[in-house]
Structures are given as C-alpha cells and as structure tokens.
Amino acid sequence: MQNVKDYIVQHKDRFINELIDLLKIPSVSADPAFNQDVLNTADAVKESLEKAGCDKVEICETPGYPIVYGEKIIDPNLPTVLVYGHYDVQPADPIDLWTSPPFDPVIKKTDIHPEGAIFARGACDDKGQMYMHVKALEYMTHTGNLPCNVKFMIEGEEEVGSESLAWFVPRNKEKLANDVILISDTGMIANDIPSITTGLRGLSYVEVEVTGPNRDLHSGLYGGAVANPINILTQMIASLHDENNHITIPGFYDKVEELSREERDEMAKAPFSLEEYKKALDIDDVHGEAGYTTNERNSIRPTLDVNGIWGGYTGEGAKTVIASKAYAKISMRLVPGQEWEEITELFKKHFESIAPKSVKVEVKPHHGGQGYVTPIDNIGYQAASKAYQETFGVTPIPQRSGGSIPIVALFEQELKSKTILMGFGLNSDAIHSPNEHFGVWNYLKGIETIPYFYQYFTELSK
C-alpha cells in the first residue's frame with residue numbers, strides 16, 4: 001500500500017475534476033423537476049465504477065430511482081466488502097444564501113481548509129465521500145492491491161427516506177451478500193483528530209396541517225372570533241417542549257437508552273470547545289435539554305425540531321388575512337431503543353389530542369428509520385481504526401453521531417452484517433445548508449485511507 005500516496009499525487013487533478021463533473025449534475029431527489037438529472041447521475045456513477053475496475057456494473061430498476069450495483073470478485077473464498085453510498089442530494093434552497101452557484105462547483109480556501117474546499121451541493125453529502133470509494137477501488141485494481149472482494153450499492157433516494165432501497169435489499173440478499181458494510185456518509189472531529197462514528201440516531205419525519213375556516217378571512221371582520229390556524233399551530237408546537245426542553249409527548253422517552261456515567265465520561269474525552277462552537281455558529285449561547293452537555297444533546301438524546309412552517313400571506317407588503325390553513329414539517333431524531341413507527345404514532349395521537357375543537361388537524365407521516373450502534377470490538381471497527389492510524393498517525397476516537405442513516409439498521413436486519421462508518425467530512429462543511437463544501441485534503445485523505453481498511457479487514461478475517 002505504500003505507493004497509494006504516489007498514485008494520489010499522480011492523479012490528484014483528475015480525481016478532483018471528476019468529482020467536480022459529478023457535482024455539476026443537480027440530482028435533487030426531493031423535487032420531480034430534477035428527475036432526469038437524478039437518472040443522469042446514476043448513469044455517471046455506473047460509468048465511474050466501470051472505469052475504476054468493477055467487472056460487473058448494472059443499473060437496477062426500483063419503484064423509484066434506480067440503484068447502481070457494481071462488483072469486483074477476485075476470489076469467492078476471500079472476504080467481501082459492500083460499499084454503500086448515495087448519489088442524490090438535498091435541495092439547494094435558499095439559493096440566495098450561496099456565495100457561489102450550488103451546482104457550479106468552485107474551490108475556495110478557508111481557515112479550516114487552507115488547501116481549498118470544493119463548494120457545491122452534495123460535495124460532502126454524499127457525492128464527495130461516495131466517490132472516494134470509487135477512486136480507492138481504482139487505485140487498488142490498477143495497481144494490483146485489491147486484497148478481497150468488493151461490491152457497490154449506490155442509491156438515489158437517501159435524502160427522501162430510501163424507500164426504494166428498503167424494497168431492493170430484501171429482494172437481493174444473495175447479490176448483496178457480504179462480510180462487512182462500509183459507508184462514508186458521516187464526519188470526523190477534526191483533520192488532526194480522526195474519529196469513527198459508532199452510533200446513529202433514528203428518525204421520524206412528519207408533516208402537519210391545521211385547518212380553520214373554509215376560506216381565508218378578512219382579519220378585521222373575523223379576527224378574534226374565528227380560530228387562526230397559524231396561531232393555533234404555533235401554540236401547539238410550543239407545547240411540545242417544557243421549560244427544561246424536555247419533549248412532552250406521552251410515552252416518548254419510554255424506550256430511550258440511558259447511557260451509564262462511565263460511557264458519558266468516555267464521550268466527554270473527545271476534544272470540544274463550547275466557546276468555539278458558539279463562535280462558529282454566531283450564537284451567544286447554546287440551547288437544549290436540561291441535564292445534558294451539548295455533545296450529548298446532539299448524539300445520545302432524542303430531539304424534536306420544526307424544519308419548516310408556513311401559511312397565510314408571505315409576499316411583499318401587507319395582506320390582512322386569517323389563513324384557512326397552516327402547515328409545518330417536523331423531524332424527531334431518535335436514539336437506539338426507540339421504534340420510529342411507534343414514535344410517529346405517539347406524535348400523531350398526541351398532536352391531534354391537543355388541538356382545540358375550533359380547528360382540524362391532520363398528521364402525515366413521511367419517512368423514518370431506526371438508530372444504530374456499532375460495537376467497537378468487531379474486526380470491522382478494528383480494521384477501520386488501524387487504517388486511520390496508518391494514514392493519520394493517531395488512533396481515531398469512537399464517537400456517536402447525531403445524524404441518521406435509516407438504512408443501516410435495515411442492512412443488519414436483512415443482510416446480517418455490521419456497518420462501519422468511515423466519514424471524512426467535518427461538522428463545519430455545511431451539509432444540507434447553503435455553501436456546502438468538502439475539503440480537498442479530506443477527499444484525498446479518504447482515498448488514501450480506504451485501501452488500508454481492505455488490507456486490515458482481510459488480514460483480521462483470516
């Protein structure tokens with residue numbers, strides 16, 4: 001593996017340019033207007049896997065967007081690594097907050113990324129991190145350094161709930177059979193403090209609709225006499241947390257896993273500066289559930305957040321109106337032990353129960369998924385840890401993430417495999433936000449590190 005650095009130096013510009021070309025395609029799965037772009041991205045991923053050295057690559061049709069499957073089987077008796085990633089991206093809105101067009105990638109230097117970062121939607125989540133694996137495969141196949149079998153499963157619906165993947169996986173267990181699943185869709189603490197994500201939160205995502213009168217009303221003629229759905233909705237949402245920022249839905253915490261004091265103390269060893277955290281976000285203070293630290297609040301505790309709220313008149317100038325309807329999108333991040341479908345039902349029952357008779361309430365479930373914890377004593381984690389030690393020179397820190405990758409629990413259920421989460425992004429990379437970016441150094445470091453995972457996993461599997 002010693003020549004991996006030389007290979008990266010030799011092909012650095014091409015690696016970057018190929019990623020930039022992929023990022024130019026606006027593969028927004030949430031918006032039907034980008035349907036053809038999503039399909040075009042699947043074609044581009046297929047072509048890249050073929051060029052990287054896969055012997056078999058196919059676009060697998062599903063009820064939704066296709067899944068790109070590829071494989072390189074060198075010996076059926078050797079271990080098999082299944083790489084998962086996604087080629088779809090979040091919507092770029094609000095466009096006016098981007099400092100450069102979201103689908104016209106540019107490289108800009110920042111304080112955190114002095115060697116430059118690629119600014120574009122999907123740069124880090126997940127095209128950049130997914131493409132590291134494609135280029136790592138290229139290195140291993142083109143130099144004769146692939147020590148085991150590899151399969152790729154790259155989907156196009158991760159940002160909208162992976163519904164088609166949930167359909168595909170149970171129907172293709174033999175095709176997807178593996179010894180370990182490898183994903184880079186998470187991050188690490190810092191460029192000099194690598195970490196491996198060992199836990200993910202689950203997710204329940206819903207949309208609520210509050211309906212009052214049968215039409216918009218004049219706020220002078222009807223104000224004070226008829227319920228205003230926007231007022232009612234905001235009051236209902238406000239009641240979902242108490243004065244300690246504890247979620248008030250009955251039964252919500254019944255199955256929450258409580259970590260021991262020892263486990264919480266281990267988490268606290270990870271470097272963290274509250275002042276730098278506040279400065280980076282330009283806030284005067286943090287906010288969250290009483291009795292827990294900031295890092296605990298965003299990783300081992302469940303949350304409830306409003307992701308969008310609208311209704312009535314929002315155009316220029318004034319329009320004195322009581323809207324007929326008000327809406328909100330709400331996500332709940334869940335911890336291991338909480339069943340997302342059960343939490344969705346608890347939310348629905350509670351939210352409908354607190355609505356006054358003056359309005360009607362409808363709760364529409366969107367999607368969700370279970371939380372996940374990877375044990376650090378399995379050979380997959382050990383191989384990942386040794387890989388980071390090889391390229392970073394230090395032992396990575398195990399860390400639970402606040403994010404969700406709902407399909408990880410599905411993989412274990414259907415494929416009986418553990419998932420290893422080797423992320424190379426940073427919290428400051430603005431995923432899901434305007435000005436998303438991915439450090440060039442991080443991108444290339446991922447390509448350098450991933451082949452060592454294959455080497456050590458193969459050795460530890462003997």
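Of the 462 residues in the chain, 54% are buried. The model is predicted, and the tour starts with the whole chain before moving to single residues.

**Whole chain**

Show the chain as a cartoon: 13 helices and 18 strands are there to be found. Along the principal axes, the C-alpha atoms fill a box of roughly 80 × 50 × 45 Å. The radius of gyration is 23 Å, which agrees with the value near 23 Å that a compact globule of 462 residues would have. Turn on the surface next: the chain exposes about 20,600 Å², and carbon and sulfur atoms supply 49% of that area. Contacts across the sequence can also be drawn. Among those between residues at least 6 apart, 78% join residues at least 24 apart.

**The largest nonpolar core**

Select Val81, Tyr87, Phe152, Met422, Tyr443, Phe453 and Tyr454. These are the residues with the most contacts inside the largest nonpolar core, which has 63 residues. Which elements each supply at least two residues of this core? They are helices H1 (4-23), H2 (35-52), H3, H11 (379-392) and H13 (440-460), together with strands S3, S6 (149-155) and S7. H13 gives the most, with 10 residues. In soluble globular proteins, nonpolar side chains tend to be buried together.

Centre on Met422 and display what surrounds it. Beyond its neighbours within four places in sequence, Met422 is in contact with Gln129, Leu182, Ile183, Ser184, Thr186, Ala384, Ala387, Tyr388, Thr449 and Phe453. A second, separate core has 28 residues, including Ile232, Met236, Ile249 and Val359.

**Helix H6**

Now select residues 229-238, which form helix H6. Colour its buried residues: Pro229, Ile232, Leu233, Met236 and Ile237. They lie on the same side of H6, because they cover an arc of only 130° around the axis. An α-helix has 3.6 residues a turn, so residues three or four places apart point the same way. Gln235 and Ala238, on the other side of H6, are exposed.

What do the buried residues of H6 pack against? Show strands S9 (202-211), S11 (303-311), S12 (321-322), S13 (325-334) and S14 (360-369), then add helix H10 (340-353). At the N-terminal end of H6, Asn228 acts as the cap, with a side-chain oxygen 2.9 Å from the backbone nitrogen of Ile230.

**Leu176**

Go to the loop between helix H4 (163-171) and S7, where Leu176 is found. Is Leu176 buried or exposed? Its relative accessibility is 0%, so Leu176 counts as buried. Not counting residues up to four places away in sequence, Leu176 touches Tyr69, Leu82, Lys151, Met153, Phe168, Val169 and Leu415. Draw a distance from Leu176 to Lys151: the C-alpha atoms are 7.4 Å apart, while the two residues are 25 apart in sequence.

**Asn191**

Select Asn191 in the loop between strand S7 (180-183) and strand S8 (195-200). Its side chain is joined to that of Asn442 by a polar contact of 2.7 Å. Leaving aside neighbours within four places in sequence, the residues in contact with Asn191 are Ile112, His113, Phe392, Leu426, Trp441 and Asn442.

**Backbone exceptions**

Most residues other than glycine have a negative phi, and most peptide bonds are trans. Four places in this chain are worth a stop on that account.

- Asp93 to Pro94: the peptide bond is cis, with omega near -5°. Look for Pro94 in the loop between strand S3 (80-86) and strand S4 (106-108).
- Asp125 to Asp126: this peptide bond is also cis, with omega near 0°. Asp126 is in the loop between strand S5 (117-119) and helix H3 (127-143).
- Asp282: phi is positive, about 55°, although the residue is not a glycine. Asp282 is in the loop between helix H8 (274-281) and helix H9 (294-297).
- Asn435: phi is positive, about 65°, and this residue is not a glycine either. Asn435 lies in the loop between strand S17 (419-421) and strand S18 (437-439).

Finish by colouring the last two by accessibility. Which of them is exposed, and which is buried? Asp282 has 72% relative accessibility and therefore counts as exposed. Asn435 has a relative accessible area of 16% and is buried, since buried means under 20%.

Technical notes: Residues are numbered from 1 along each chain as its sequence is written. This is a predicted model: local features need pLDDT of at least 70, side-chain atom pairs count only at pLDDT 80 or more; totals for chains, interfaces and linings use all residues. Side-chain values use heavy atoms; hydrogens and water are left out. Buried means under 20% relative accessible area, exposed over 50%, partly exposed in between (1.4 Å probe, protein chains only). Helices (H or I, at least four residues) and strands (E, at least two) are DSSP runs, numbered from the N terminus. The arc is that of the directions from the helix axis to the C-beta atoms. Contact means heavy atoms within 4.5 Å. A polar contact is a pair of N or O atoms within 3.5 Å; within protein, one must be able to donate a hydrogen and the other to accept it, and residues adjacent in sequence count only if both atoms are side-chain atoms. The radius of gyration is taken over C-alpha atoms; the globule rule is 2.2 Å times the number of residues to the power 0.38. Accessible areas come from the Shrake-Rupley method with a 1.4 Å probe; for residues, only the protein chains shown count as cover. A nonpolar core is a set of buried Ala, Val, Leu, Ile, Met, Phe, Trp, Tyr and Cys residues joined through side-chain atoms within 4.5 Å.
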